[in-house]
Amino acid sequence: MIYGYARVSTDGQSVDAQVRQLRAAGARQVFRETASGAKTDRSQLRRVLGQLAAGDVLMVTRLDRLARSTRDLLNTLASIADHKAGFRSLGDAWADTTTAHGRLM
């Protein structure tokens with residue numbers, strides 16, 4: 001299953017454009033969140049990570065929707081890999097662990 005994760009930083013922003021992009025790219029379920037990217041403990045991110053199973057894919061529109069720092073990104077990618085799931089960023093073609101080239105990067 002392909003899951004999407006859409007995040008905005010403030011209540012005045014909307015996740016609608018992200019949700020449309022994720023659904024167009026094949027996400028069957030999209031988790032939406034309003035939270036600062038600097039916060040590492042985000043409830044909807046934790047929820048989607050907990051649902052991942054082998055063969056699933058977590059997709060975001062851009063890397064900055066998932067993580068604010070390289071360390072946070074690597075920790076989250078490790079969690080995804082622990083579930084034997086893949087990761088894909090629509091805006092960052094190199095960030096796609098569902099391909100051999102993406103895993104190398």
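**Getting to know this model**

Biologist: Which two elements does the loop holding K84 lie between?

Modeller: Helices and strands here are DSSP runs numbered from the N terminus (helices H or I, at least four residues; strands E, at least two). In those terms, the place of K84 is in the loop between helix 3 and strand 4.

Biologist: Before we go on, what kind of model is this?

Modeller: Residues are numbered from 1 along each chain as its sequence is written, and side-chain values use heavy atoms, with hydrogens and water left out. Local features need pLDDT of at least 70, side-chain atom pairs count only at pLDDT 80 or more, and totals for chains, interfaces and linings use all residues, since the model is predicted.

Biologist: Back to K84, then: is it buried or exposed?

Modeller: The backbone of K84 has a phi near 60°, a positive value in a residue other than glycine. Most residues other than glycine have a negative phi. As for accessibility, buried means under 20% relative accessible area, exposed over 50%, and partly exposed in between (1.4 Å probe, protein chains only). With 63% relative accessibility, K84 is therefore exposed.

Biologist: In what order do the four strands stand in the sheet?

Modeller: Strands of a sheet pair through backbone hydrogen bonds, either parallel or antiparallel. Two strands are taken as paired if DSSP finds at least two bridges between them. Here the pairing is parallel and the sheet is open, with the order 2-1-3-4.

Biologist: Which strands stand at the edges?

Modeller: An edge strand has a single partner strand, so one side of it is left without a neighbour in the sheet. That is the situation of strand 2 (29-34) and strand 4 (86-89).

Biologist: By how much are neighbouring strands turned against each other on average?

Modeller: Axes are lines fitted to C-alpha atoms, for helices over the stretch in contact, and angles run from 0 to 180 degrees between N-to-C directions. For neighbouring strands of this sheet, with direction ignored, the average is 20°.

Biologist: How many bridges pair strand 1 with strand 2?

Modeller: Strand 1 covers residues 2-8 and also pairs with strand 3 (residues 57-60), in the parallel sense over three bridges. In that pairing, G4 stands opposite M59 and Y3 opposite L58. Towards strand 2, V8 stands opposite T34. The pairing of strand 1 and strand 2 is again parallel, and its bridges number six.

Biologist: And which residue of strand 4 does V57 face?

Modeller: Strand 3 and strand 4 run parallel and are joined by four bridges. Both faces of strand 3 are covered, with V57 and M59 buried on one side and L58 and V60 buried on the other. Across from V57 in strand 4 stands G86.

Biologist: Which residues does A6 touch beyond its sequence neighbours?

Modeller: A6 lies in strand 1, where six of the seven residues are buried. At 0% relative accessibility, A6 itself counts as buried. Contact means heavy atoms within 4.5 Å. Leaving aside neighbours within four places in sequence, the partners of A6 are V15, Q18, V19, L22, V30, F31, R32 and E33.

Biologist: What angle does helix 2 make with strand 2?

Modeller: Helix 2 (residues 43-51) packs on the sheet, where it touches strand 1, strand 2 and strand 3. The angle between its direction and that of strand 2 is about 155°.

Biologist: Is R65 buried or exposed?

Modeller: R65 lies in the loop between strand 3 and helix 3. Its contacts, not counting neighbours within four places in sequence, are Y5, R7, V8, Q18 and R42. At 12% relative accessibility, R65 counts as buried.

Biologist: Finally, how much space lies in the largest pocket?

Modeller: On a 1 Å grid over the protein atoms alone, a pocket is an open set of points where a 1.4 Å probe fits, with protein on both sides within 12 Å along at least five of seven lines; lining residues have an atom within 4 Å of a point. The lining includes K39, R42 and N75, and helix 2 and helix 3 (70-82) each supply at least two of its residues. Grid points are joined across faces, edges and corners, and a volume is the space filled by probe spheres set on the points. For the largest pocket, that space is about 150 Å³.
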